[in-house]
Amino acid sequence: INAEYMGRVHERACLNMKQRAPFSASQQRLAAIGPVRKHRVKKPPSTWREQSMALQQAIKHARAVAAHQTAGRSLASLPPPPPALNLDYITCPHCTRRFNPTAAQRHIPACQHTINRPKPPPQAKPKVTKVKPKQPCTLACTRCGTRYIGPTSRFCSECGQPKPN
């Protein structure tokens, strides 16, 4: 084959050719599937503010505990720490327990038909102890007629006679 002839034929052929686009397998695959709509996934609302407030409350409680301990006081006199609530949890309307969403979907229909349901968990209530006021003793001495002073006295302050039982 003549090299000159091949050179001329090759030049003419190259001049008539158009530039090809690079092959893209992903574009070809998408063209075969059809138009694809992109779905925007909604993000759940952020709970950073509630988490920050819970952290601040926990720090305040820890400082109160530390101050109580350094003062040498009993920790029983402190109120209980505030409960940490997870806002993502769902409360069961029948037993007031809290579950994550998938567990709540399973639990609530079953709990709805439960006959012998356990009592709901106790709510955190501050303990208030009532102090009874001391009442004066109303007993009188049988010998002299004076009243006994206080409920703890065992003898009459005037004549020294023992208090009757």
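Before looking at the pocket, here is how residues are sorted: Ala, Val, Leu, Ile, Met, Phe, Trp, Tyr, Cys and Pro count as nonpolar, Asp, Glu, Lys and Arg as charged, and the others, Gly among them, as polar. By that sorting, the lining of the largest pocket has nine nonpolar, five polar and two charged residues.

A word on the source: this is a predicted model, in which local features need pLDDT of at least 70 and side-chain atom pairs count only at pLDDT 80 or more, while totals for chains, interfaces and linings use all residues. Residues are numbered from 1 along each chain as its sequence is written, and side-chain values use heavy atoms, with hydrogens and water left out.

**The overall layout**

The protein has four helices and two strands, with helices (H or I, at least four residues) and strands (E, at least two) taken as DSSP runs numbered from the N terminus. Starting at that end, the order is α-α-α-β-β-α. Of the 165 residues, 11% are buried, where buried means under 20% relative accessible area, exposed over 50%, and partly exposed in between (1.4 Å probe, protein chains only).

Here are two helices and the glycines that come after them:

| Helix | Glycine after the helix | Phi of the glycine |
|---|---|---|
| α2 | glycine 34 | positive, near 115 degrees |
| α3 | glycine 72 | positive, about 80 degrees |

Helix α2 (residues 25–33) is hardly covered, with zero buried residues among its nine. As for helix α3 (residues 48–71), its 24 residues at 1.5 Å a residue should span 34 Å, and its end C-alpha atoms are 35 Å apart, which agrees. The expected span is 1.5 Å times one less than the number of residues.

**The core**

Which residues form the largest nonpolar core? They are Cys92, Cys95, Phe99, Ala103, Ala104 and Cys111. Helix α4 (residues 101–112) supplies the largest share of this core, three residues. Such a core is a set of buried Ala, Val, Leu, Ile, Met, Phe, Trp, Tyr and Cys residues joined through side-chain atoms within 4.5 Å.

**Leucine 87**

Leucine 87 sits in the loop between α3 and β1 (90–91). Is leucine 87 buried or exposed? Neither quite fits: leucine 87 counts as partly exposed because its relative accessibility is 49%. Beyond its neighbours within four places in sequence, leucine 87 is in contact with Glu50 and Arg98, contact meaning heavy atoms within 4.5 Å. Leucine 87 and arginine 98 are eleven residues apart along the chain, and their C-alpha atoms are separated by 9.9 Å.
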